Amino acid sequence: MTFRNTLALMAAVLCLLALVLPMGNVAGISLSLWDDTGLLFFALVLIAAATGIISGKLTGRAADILMLVLPHAGAWYLLARLDIADQDLQSGYWCLVMASWLAAWIFVDQLSAKKPKTLSLQRLYGVVVPVLFGVWLLLLWEILVRGFGVPTVLLPPPSMIGVRFAASTAILWADFQQTFLKAVLIGYALGCGSAFLTAILIDRVPFLQRGLLPIGNLVSALPIIGVAPIMVMWFGFDWQSKAAVVIIMTFFPMLVNTVAGLSISSQMEKDMMKTYAAGYWQSLIKLRLPSALPFIFNALKINSTLAMIGAIVAEFFGTPIVGMGFRISTEVGRMNVDMVWAEIAVAALAGTAFYGVMNVIERACTFWHPSFRNG
Amino acid sequence: MSGKTGPVIVVVCAIIGIWYGSAVMLNTAFQKDIYARGNVEWTTSQLITDTLAQERPVLPAPHQVAAELYKTTVLTKVTSKRSLVYHAWITLSSTLMGFGIGSVLGILLAVGIVHNRSLDKSLMPWIISSQTIPILAIAPMIIVVLNAIGIQGLLPKAFISTYLSFFPVTVGMVKGLRSPETIHLDLMRTYNASNWDLFWKLRWPSSVPFLFTGMKVAIATSLVGAIVGELPTGAVEGLGARLLAGSYYGQTVQIWSALIAAALLAAVLVSLVGLANKVVLKRMGMAQ
């Protein structure tokens with residue numbers, strides 16, 4: 001039995017259970033699936049589709065289209081069901097939630113099994129599958145939190161966070177400016193830049209290389225975030241102290257990686273540069289820096305997340321009344337958890353975008369590297 | 001000096017020298033202030049000794065930090081709240097718990113990713129982007145929320161360590177479980193090996209070196225997670241709490257000693273994992 005058939009079987013069993021189990025109570029009156037035409041229709045179609053999949057009759061494009069539409073239409077009905085006030089959802093409803101999730105998984109499984117011929121189609125699938133996963137994460141979060149009536153103080157549903165996000169863009173933008181545009185970007189540029197220059201200096205002196213590398217490796221593993229209170233003491237509450245923390249946090253990963261990258265070119269390549277009568281700088285710029293690029297970008301990517309963390313955590317130790325870390329710590333205190341989550345969403349978006357930009361630049365600069373070649 | 005020891009010692013000495021130099025420079029302004037207020041005549045040598053012996057210096061000198069470390073570890077009873085060993089133990093326990101859960105979770109995720117193609121395609125990008133979310137930033141909220149639903153003590157802090165430490169293990173293990181060459185996989189197939197045998201007899205053993213590489217990174221990040229997780233608990237106990245308390249009361253020597261203690265702890269933990277790596281690989285006959 002293939003994995004897809006197992007999923008289909010489980011979905012069908014859950015739908016059958018939903019047909020007999022109670023779905024919920026509205027104002028004291030017990031309801032079953034037979035009282036909700038939309039969901040009943042969904043369950044019946046899903047059972048039919050699952051039988052089709054297990055018996056091998058439902059394949060190809062028809063299966064794709066059906067499994068794309070079906071679970072999402074089901075999720076739509078399930079979400080709509082949540083809006084009814086004064087209800088108590090019971091096992092039948094949760095069976096349907098599970099079934100629609102499994103149906104979506106069948107769709108993902110079908111997509112991942114495809115071997116697209118063109119590059120653009122391949123990229124499209126590469127994006128659609130993880131996006132679907134994210135969408136279902138949000139859907140399940142919303143349904144579970146609202147269905148079980150989790151207090152919003154503990155975990156607000158995504159829709160509430162979205163509303164808060166849209167309503168307070170001005171504050172979020174100000175925080176983003178303070179933390180990301182000032183502290184993170186400036187600290188990141190200075191930290192990575194100075195580490196890069198230091199690495200080139202060290203590279204000329206083998207003694208320093210042997211002495212500093214083990215220490216650099218050690219320091220990269222240390223909890224450097226701990227210098228945050230000291231930096232706040234030295235450089236004051238504004239963004240300068242946060243930038244200082246970011247500089248220290250990003251320095252060592254960049255240093256260690258750049259030095260390692262500069263020593264990667266082989267003796268044969270170096271000899272060839274010598275036969276061309278290339279000087280130190282020529283061989284550095286034409287041979288050793290390009291071959292160090294994968295290492296340098298590795299450090300730049302690691303640092304992009306470290307920089308965000310450094311700047312935000314440093315704000316816990318004292319800050320003017322603006323900034324992402326400040327907002328998170330004060331809104332937690334005021335139990336405005338939806339605002340905190342909106343801030344987290346900003347941080348996550350900024351972090352992912354930062355990482356993504358580094359990735360794009362890396363691809364443009366190191367297109368020649370084996371790991372990016374296709375086929 | 002062709003080895004590593006000589007250069008490392010020289011560099012360490014240079015760092016300590018720079019540290020002393022900066023301590024004198026940074027503390028001079030305040031010391032001069034004291035002299036001016038007390039109308040004390042001062043000489044340069046006296047200035048230097050005084051700057052290195054302030055009670056709340058801007059930058060404490062190495063020997064001050066060492067003295068504080070000695071005082072709070074050796075001279076204080078281990079059970080006392082003033083003992084750094086006590087605080088380090090609090091941090092260490094949540095680090096280890098988070099590291100343990102994170103490693104197991106990381107391995108399970110990797111096994112799932114390697115064996116199920118839809119997990120591979122849908123989960124892997126999210127695992128990578130999960131680390132671009134500054135989890136440390138939301139650490140206080142996680143702790144407050146978990147406290148609210150009655151989960152207290154170690155688990156909330158360990159949760160943050162878990163979140164940080166599962167990632168390197170997962171990435172390493174996915175690489176490791178895929179590291180057997182096609183020729184080995186084919187050989188197993190000719191033996192009519194089941195997926196179960198394939199996993200336990202080929203994939204798992206060949207992934208062990210990758211597992212340890214991942215765990216070395218994981219234990220370091222897990223310590224960072226534990227320290228930051230202690231910040232919002234209101235400076236009660238743990239190395240992170242010592243940092244926060246030190247920054248509230250301007251006790252720079254305390255901050256620095258907590259920082260050095262954390263650094264030592266990290267170094268010990270990483271080298272322990274490294275040692276375990278060597279022993280295990282030797283036993284498995286994989287040591288080079």
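This is a short talk on a two-chain model, its overall build, the contact between the chains and one helix pair.

Okay, so before anything else, keep in mind that this is a predicted model. Let's start with chain A. It has 14 helices and 3 strands. The radius of gyration of chain A comes out at 27 Å, and the globule rule for 375 residues gives 21 Å, so chain A is more spread out than a compact globule. If you lay the C-alpha trace of chain A along its principal axes, you get spans of about 85 × 55 × 30 Å.

How is chain A divided into domains? Domain 1 runs over 3-150, and domain 2 covers 165-372. The centres of those two domains of chain A, taken over C-alpha atoms, sit 42 Å apart.

Now chain B. Here we have 11 helices and 0 strands, so as you read along the sequence the pattern is just α-α-α-α-α-α-α-α-α-α-α. For its 288 residues the globule rule gives 19 Å, but the radius of gyration of chain B is 25 Å, well over that, so chain B is also more spread out than a compact globule. Its C-alpha trace spans about 90 × 60 × 35 Å along the principal axes.

On to where the chains meet. How many residues does each chain bring to the contact? Chain A puts in 50 residues and chain B puts in 45. On the chain A side, several helices supply at least two residues each, among them α4 (91-113), α5 (119-147), α12 (280-314) and α14 (337-365). By class, that side of chain A has 39 nonpolar, 9 polar and 2 charged residues.

Two of those helices, α12 and α14 of chain A, also pack against each other, so let me zoom in on them. The angle between α12(A) and α14(A) is about 165°, with the axes 10 Å apart. That makes α12(A) roughly antiparallel to α14(A). As for handedness, α12(A) passes α14(A) in a right-handed crossing.

Which residues meet there? From α12(A), the list includes A:Leu293, A:Phe297, A:Leu300, A:Met308 and A:Ile312. Across from them, α14(A) brings residues including A:Ala347, A:Ala350, A:Phe354, A:Tyr355 and A:Met358. You'll also find A:Lys301 in α12(A) and A:Glu362 in α14(A) on that list. Overall, the contact of α12(A) with α14(A) has 11 nonpolar, 4 polar and 2 charged residues.

That's it from me, thanks.

Terms used. Residues numbered from 1 in each chain as written. Chains lettered and ligands numbered in written order. Predicted model: local features only at pLDDT ≥ 70, side-chain atom pairs only at ≥ 80, totals over all residues. Domains from an automatic or database assignment. Contact = placed C-beta atoms within 7 Å. Helix = DSSP H or I, 4+ residues; strand = E, 2+ residues; numbered from the N terminus. Nonpolar A, V, L, I, M, F, W, Y, C, P; charged D, E, K, R; others polar. Axes fitted to C-alpha atoms, helices over the stretch in contact; angles between N-to-C directions. Parallel < 35°, antiparallel > 145°, perpendicular 65-115°, else oblique. Left-handed = near helix turned anticlockwise from the far one by under 90°. Rg over C-alpha atoms; globule rule 2.2 N^0.38 Å.
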